[in-house]
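Reader: I am new to this structure and should be grateful for a close look at one part of it. Please take the place where two of the domains meet, and describe it in a connected account.

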Amino acid sequence: MAEAETKSIDNASIRMIEKAAKDGVNTAFDRAEAMKPCPIGMVGSCCKNCGMGPCRVPLPKGGTETPEEKKKRRGICGATAETIAARNFIRMIAGGAAAHSDHARGVAELFLAAARGKAPGYEIKDEQKLLQLALDWGVEIGDRNNQEIAIDVGETALAEFGKQEGELLFLKRAPLKRQELWRNLGVAPRGIDREVVEIMHRTHMGVDQDYRSLLKQGVRAALADGWGGSMIATELQDILFGTPVPILGKVNLGVLSRDEVNIIIHGHDPLLSEMIVVAAQDPQMIELAKSKGAKGINLAGMCCTANEILMRHGIPLAGNFLQQELALVTGAIEAMVVDIQCIMQSLPDIAQCYHTKIITTSPKARIPDAIHIEFDEHNAMESAKAIVKTAIENFPNRGKNIDIPEEQSDLVAGFSHETINYLLGGIYRASYRPLNDNIINGRIRGVAGVVGCNNPRVKHDDVHIAMVKELIKNDVLVLQTGCSAMACAKLGLLTPEAAAKYAGEGLASVCEAVGIPPVLHMGACVDNSRILMAATAMVKDGGLGDDLSDLPVAGAAPEWMSEKAIAIGQYFVGSGVFTVFGVTWPTLGSEEVTKLLFEDFETMYGGMWAFEPDPLKAAHLMIDHIDQKRKALGIDKARERVLYNMEMRREL
Ligand code: NFS
Ligand code: SF4
């Protein structure tokens, strides 16, 4: 027990880590213990970009060297530690931006097929958003029907990926001042694919060997993710599946059922999971489940696919990234259906210890020893039913070694940028005015986006929760996505009741008046683009400066592990937001590269990176930054009144 307790803060996970040990199952928690990170690669000082290497250029022991020694610390090709660290860093951005954007491309292709009537089962669910997007992109509306408009919107979306000239269309959504800044610094992205490819070109042996120039291209590609790929994914998914509105859900392994067929949908792509939701409700399927001795079919989500189907259908969340293996250890999962991203290759191996079938569905993401049932979006319902049927037929194979933890918590999810607008301003005068006013009068100190993964190098969920609790205690409204939102949901932070329990007086008073939690779940990781839109709406509503970098806001990914997290962090920084990462920092091998990211970027972009593994210290870096921005806006005095004036307290 004692040992498992050092690995997670979540009781359900602790219990499954112990069961895994008993069952002889090896998990990421064990592997992280057995294999320590390579100290040279960890800080970005290892290059394997050509066959003369791999080359290692670590700082000498003790960290001091003469300029002469430093000159000699190079790869075979002569690349310096600066070049190597910068190349590694922006290759991570390329990987992350490619993942988000290729997901978006898949959505755009399906969107277009649906508009052309070639993807039965999919339809336009949010007409208003379709028209808004058509307006934003200059697609003719006139008296054309939705289908005609959607075909043009879909074609325009797809063209964003391969665009060779000009700028991405969504850049125009940003505040004018930000657009100007991007143009002046030469980082306004062209086509999404082009920026990713250009990173791969520049980081090839013997091309771009100036770390400043490399990092600039990193910003450009990251912006192509945030204001390109990710935003396209979010917007088109909303049009196809509906823009999320607040919805009650449940989270943690306790959502698994003892007497129903348990199917977990894991990954990131809502295209298939939307259909599985429908297939699992099919009376024929339910009958089939009963004929196999089950009481019904229980769907639950894992990782970002979970967030997508929770927000739109209230399907419960089984858990976040580090719970994927632990879910199998319950022994109660008939099938884990995976699509793309954040899927551990160990799953089929662990599944062998139980009866679970691992089903891969994407031609882009196959795993040996898994069953592959390819998802054909032109025949989506058939694919979905085949998958559900495979799960049902596996129910009689469920063994005796079953333990489903009790833990499950309530949460409210579905705070899209539009919903926040309505909730705060009302349907007839939807606006961010009340949020801005409450920031200006100091009841809300500022806004923080806390997002990102789990990482077994730190105690599971612990860092997220400690940081978010500290922020809301200090009157910072927290916006969340991804695995971070699930971590905090497990503790109950995503309920309206959490305001009275955990939030500072000012923030609690606003949450109680509006009826919202102090921590708002905005969706999957591609939905970090919703945070960009919310921040832009705050700027446009007025009173908080005229650029994103003027806002009293900050971002964090305290347990990050994925390249996608680096791409997200970089587009926040490039958009003017101070962003703190925990766990580890991949450029510490070069002082110059790190200084550029942590310091010089502030004068260039108004936003910069920071690294702080301690969640409380990191929260206070964010709070200090928020206070500095309040001071620059001249609204710092208002907060002092909120804190010290008794009359204002009574009024509250
Ligand atoms: Ni985001 Fe979502 Fe989770 Fe990290 Fe992976 S699931 S896309 S990358 S681990 S938050
Ligand atoms: Fe070594 Fe240069 Fe090749 Fe990298 S590109 S492996 S530093 S020789």
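Author: In this predicted model, 16 residues of domain 2 are in contact with 20 residues of domain 3. The two partners belong to a protein chain divided into domain 1 (81-241), domain 2 (253-397) and domain 3 (416-633). Between the C-alpha centres of domain 2 and domain 3 there is a distance of 32 Å.

The size of an interface is often expressed as the accessible area that is lost when the parts come together. For domain 2 and domain 3 the buried area is about 1300 Å², and carbon and sulfur atoms give 68% of it. On the side of domain 2, three residues stand out: N320, F321 and L322 supply 38% of the area that this domain buries against domain 3, more than any other three residues.

The polar side of the interface may be described next. The rule finds 0 salt bridges across the boundary of domain 2 and domain 3, but it does find 11 residue pairs in polar contact there, both residues of each pair being at pLDDT 80 or more. As to secondary structure, α14 (303-313) and β6 (317-319) are the elements that give two or more residues to the side of domain 2 that touches domain 3. Of these, α14 gives the most, with 7 residues. Sorted by class, this side of domain 2 comprises 8 nonpolar, 6 polar and 2 charged residues.

Salt bridges are present elsewhere, since a search of the whole structure finds 47 of them. One pair involves domain 3: the side chains of E418 and K129 meet in a salt bridge, at 2.9 Å from N to O. This pair links distant parts of the chain, with E418 in helix α18 (residues 417-425) and K129 in helix α7 (residues 127-136), 289 residues apart.

Two points of backbone geometry deserve mention for the wider setting. Most residues other than glycine have a negative phi, and most peptide bonds are trans. N252, however, has a positive phi, near 115 degrees, and is found in the loop between β3 (247-251) and β4 (261-266). The peptide bond from G53 to P54 is cis, with omega near 0 degrees; P54 has its place in the loop between β1 (46-47) and β2 (55-56).

G53 also appears in the surroundings of ligand 2, together with residues including C47, C50, C55, C77, R87 and M205. The shell around ligand 2 divides into 8 nonpolar, 3 polar and 1 charged residue.

Terms used
Residues are numbered from 1 along each chain as its sequence is written. Chains are lettered from A and ligands numbered from 1 in the order in which they are written. This is a predicted model: local features need pLDDT of at least 70, side-chain atom pairs count only at pLDDT 80 or more; totals for chains, interfaces and linings use all residues. Side-chain values use heavy atoms; hydrogens and water are left out. Domain bounds come from an automatic or database domain assignment. Contact means heavy atoms within 4.5 Å. Buried area is the accessible area (1.4 Å probe) that two parts lose on being put together, summed over both. A salt bridge is a side-chain nitrogen of Lys or Arg within 4 Å of a carboxyl oxygen of Asp or Glu. A polar contact is a pair of N or O atoms within 3.5 Å; within protein, one must be able to donate a hydrogen and the other to accept it, and residues adjacent in sequence count only if both atoms are side-chain atoms. Helices (H or I, at least four residues) and strands (E, at least two) are DSSP runs, numbered from the N terminus. Ala, Val, Leu, Ile, Met, Phe, Trp, Tyr, Cys and Pro count as nonpolar, Asp, Glu, Lys and Arg as charged, and the others, Gly among them, as polar. A residue is near a molecule or strand if one of its heavy atoms lies within 4 Å of it.
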